[in-house]
Amino acid sequence: MTDPSQRPRTGRRIAHATRHKLVEVMRRQAKGARSRAPLVVGVSGYLGELAPETVAAVDWAAREADCRGIELYVVSVVEWRSVPSWSRRADNLVVAELQRFADAAVDAALDLIEAHHADTVASGAVLRGDALAVLRTLGSAAGAVVVGTRRLPRLGEILLGSLSAGLSACAPCPVIVVSDRAPGPGGVVVGVDEDNEAALRFAADYAQLHRLELHALYAHAPLLADERVFRGDADRWVHETLAGVCTDYPDLAIRSSVHLHRTVETLLQESREQRLLVVGRRHRSRYPALHVGSVSQAVLHHAPCPVAVVPCGSPTARR
């Protein structure tokens, strides 16, 4: 195979369509089956240099697409708001430069996929608009959207937010957030809560596909309650919640646990050395980038492994 670094940059691997046109293409590829819906990975970079978290996200998405036998779309978004005092020519020059950076980022990601995941079917697309809005729209036709994230201090999350936090708070499909930390050799951890069957099914699908153990945990610090009675009730409720999953996935190794401790701290602790942490998302916010109160947002930037945030009620792949 030709060295990607020596291949001429023709740009033919990259489409410059609108988000709605790309959604139509993705829906035709899925043919009405959610399990066949393509994956989308968002990338950005400077002159073809991808950040470590972006490289990790591309690698994760390529492995998953190859494992599921579905197509992967590498997407970069050109975002520019015109300044009133600027001339049209100045706007065009800025947009052209941003377009060049986006093309280079997508090209670098496709080179990475070709070099390390030769069997993965991947396409590139550079779209214009607001990055959060574009990826949210693509999420309506995607099986999942994968993005990278930098580790931020908690104050930084509150003040600045991030694309990964905003997208995971409003996307219509599962969002997988990957950092530059290598996932551990363990299994899949899923937080069990009310009305999050979609997250539980997503975790079970992933664990079965990759032949991993599924650990379903419920964590809550009860106030003014008898801990022995609370634990007994919680144990019974968790087993009832898992009954359907155990029936539908008879060959899947599943264990459950109840922790009388804070939910976020427990999830972070139990996800150490694991392959994936799955949490559900119930709440919506008018300003998703500032929505940091839920469990899903709290674990997003601090989990030691990739995090999948699954909207409650979303259709999940049944394999």
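Me: How many helices and strands are there in the chain?
Reply: This is a predicted model. Its secondary structure elements were counted along the chain, and the chain holds 10 helices and 13 strands.

Me: What percentage of the residues of the chain count as buried?
Reply: Buried here means under 20% relative accessible area. The chain has 319 residues. The share of them that counts as buried is 49%.

Me: Among contacts between residues at least 6 apart in sequence, what percentage join residues at least 24 apart?
Reply: A contact needs heavy atoms within 4.5 Å. Taking the contacts in the chain between residues at least 6 apart in sequence, the part that joins residues at least 24 apart is 83%.

Me: Where is the kink in α8 centred?
Reply: Helix α8 covers residues 227-248, which is 22 residues. From first C-alpha to last it reaches 32 Å, close to the 32 Å expected at 1.5 Å a residue. The helix still has a kink of about 40°, and its centre is Leu-242.

Me: Which elements do the buried residues of α8 pack against?
Reply: The buried residues of α8 are Phe-230, Ala-234, Val-238, Leu-242 and Val-245. An α-helix has 3.6 residues a turn, so residues three or four places apart point the same way. The buried residues of α8 pack against α7 (197-210), β10 (214-219) and β11 (254-259).

Me: Is α4 oblique or roughly parallel to α6?
Reply: Helix α4 (residues 131-138) packs against helix α6 (residues 163-170) at an angle of about 40°, and their axes are 10 Å apart. Angles under 35 degrees would count as roughly parallel. The angle therefore makes α4, relative to α6, oblique.

Me: Which residues of α4 and α6 make the contact?
Reply: The crossing of α4 past α6 is right-handed. On the α6 side the contact is made by Leu-163, Gly-166, Leu-167 and Cys-170. On the α4 side it is made by Ala-131, Leu-132, Leu-135 and Arg-136.

Me: How many of the eight residues of α6 are buried?
Reply: The buried residues in α6 are Ser-164, Ala-165, Gly-166, Leu-167, Ser-168, Ala-169 and Cys-170. They pack against α4, β7 (144-148), β8 (175-178), β12 (276-281), α10 (295-300) and β13 (307-311). The helix is mostly covered, and its buried residues number seven.

Me: Is Ala-61 buried or exposed?
Reply: Ala-61 sits in helix α2 (residues 52-68). Leaving aside neighbours within four places in sequence, Ala-61 is in contact with Leu-39, Val-41, Leu-72 and Val-146. Leu-39 is 22 residues away along the chain, with 7.2 Å between the two C-alpha atoms. Because its relative accessibility is 0%, Ala-61 counts as buried.

Me: How far apart in space are Ser-35 and Gly-143, C-alpha to C-alpha?
Reply: Ser-35 is in the loop between α1 (19-30) and β2 (39-42). Its relative accessible area is 21%, so Ser-35 is partly exposed. Ser-35 and Gly-143 are 108 residues apart in sequence, and their C-alpha separation is 6.9 Å.

Me: What is the phi of Arg-211?
Reply: Most residues other than glycine have a negative phi. Arg-211, in the loop between α7 and β10, is exposed at a relative accessible area of 79%. Its phi is positive, near 60°.

Me: Which loop holds Glu-273?
Reply: Glu-273 is not a glycine, yet its phi is positive, about 65°. With a relative accessible area of 55%, Glu-273 is exposed. Its loop lies between α9 (263-270) and β12.

Terms used. Residues are numbered from 1 along each chain as its sequence is written. This is a predicted model: local features need pLDDT of at least 70, side-chain atom pairs count only at pLDDT 80 or more; totals for chains, interfaces and linings use all residues. Side-chain values use heavy atoms; hydrogens and water are left out. Helices (H or I, at least four residues) and strands (E, at least two) are DSSP runs, numbered from the N terminus. The expected span of a helix is 1.5 Å times one less than its number of residues. The bend at a residue is the angle between axes fitted to the seven residues ending there and the seven starting there. Buried means under 20% relative accessible area, exposed over 50%, partly exposed in between (1.4 Å probe, protein chains only). Axes are lines fitted to C-alpha atoms, for helices over the stretch in contact, and angles run from 0 to 180 degrees between N-to-C directions. Angles under 35 degrees count as roughly parallel, over 145 as roughly antiparallel, 65 to 115 as roughly perpendicular and the rest as oblique. A crossing is left-handed if the near helix is turned anticlockwise from the far one by less than a right angle, and right-handed if clockwise.
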